[in-house]
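Q: Got a minute to go through this model with me? I'd like to start with one residue and work outwards.

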Amino acid sequence: MMNYNTSLSTINGKHLMEKDVKPVRYIVDDLIPAGVLMLAGSPKIGKSWMSLWLCLSVANGTDVWDLKSHKCDVLYMALEDSENRLQTRLRKLNMPVPENIHFALTSGDL
């Protein structure tokens, strides 16, 4: 049986407006905020290729389209890929593959 937290936490408008809220930190300016992201879409439209390119761009600190990227560690979860397939894709992208990008090919429950 699943145990779901059913509590609801709220803040009223006055307190929200008085609160010192930190701005969102972006990994790619105005496009990708820091944190865990998921990309969804129809099958076979290039999600994996785009995700891999985005991760490499961020890991290298290179611009994404015309947006500034902030170099940082990256975790790419290629849970449907093999090492061979991932290495082949990385070679086809023809970009540097730095030490600060990490790949997970398997995972326990998330």
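Q: Where is valine 21 found?
A: In the loop between α1 and β1 (26-28). Keep in mind that this is a predicted model.

Q: OK, and which residues form the nonpolar patch on the surface?
A: Valine 21 is one of them, along with Ile11, Leu16 and Met17. Together they have about 420 Å² of accessible area.

Q: Switching to charges. How many salt bridges does the structure hold?
A: Two. Lysine 14 pairs with glutamate 18, with the closest N and O atoms 2.6 Å apart. Aspartate 81 and arginine 85 make a salt bridge too, at 3.2 Å from N to O.

Q: How are lysine 14 and glutamate 18 placed in helix α1?
A: They're four residues apart in α1 (residues 13-18), so about one helical turn separates them.

Q: Is lysine 14 buried or exposed?
A: Exposed, at 56% relative accessibility. Its partner glutamate 18 counts as exposed as well, at 52%.

Q: And aspartate 81, buried or exposed?
A: Aspartate 81 has a relative accessible area of 14%, so it counts as buried, the cut-off being under 20%. Arginine 85 is partly exposed, at 35% relative accessibility.

Q: New topic: pockets. What volume does the largest pocket have?
A: About 1400 Å³. It is lined by 36 residues, and the closest to its centre are Leu37, Leu39, Ser51, Tyr76 and Met77.

Q: Which elements give two or more residues to that lining?
A: Two strands and two helices: β2 (32-33), β3 (74-77), α2 (47-60) and α3 (83-93).

Q: Which one gives the most?
A: Helix α2 does, with eight residues in the lining.

Q: What's the lining of the largest pocket like by class?
A: There are 24 nonpolar residues, eight charged and four polar.

Q: Back to α2 for a second. Where does tryptophan 49 lie?
A: Tryptophan 49 lies in that helix, α2. Its relative accessible area is 31%, which makes it partly exposed.

Q: Last one: how many residues apart in sequence are tryptophan 49 and aspartate 73?
A: They're 24 residues apart in sequence. In space, the distance from C-alpha to C-alpha is 19 Å.

Notes
Residues numbered from 1 in each chain as written. Predicted model: local features only at pLDDT ≥ 70, side-chain atom pairs only at ≥ 80, totals over all residues. Heavy atoms only, no water. 1 Å grid on protein atoms, 1.4 Å probe; cavity = no way out; pocket = protein on both sides within 12 Å on 5 of 7 lines; lining within 4 Å. Points joined across faces, edges and corners; volume = space filled by probe spheres on them. Nonpolar A, V, L, I, M, F, W, Y, C, P; charged D, E, K, R; others polar. Salt bridge = Lys/Arg side-chain N within 4 Å of Asp/Glu carboxyl O. Buried < 20%, exposed > 50% of the residue type's maximum accessible area, 1.4 Å probe, protein only. Patch = residues over 30% accessible without salt bridge, like charges linked within 9 Å, V, L, I, M, F, W, Y side chains within 5 Å. Areas by Shrake-Rupley, 256 points an atom, 1.4 Å probe, with all protein chains shown as cover.
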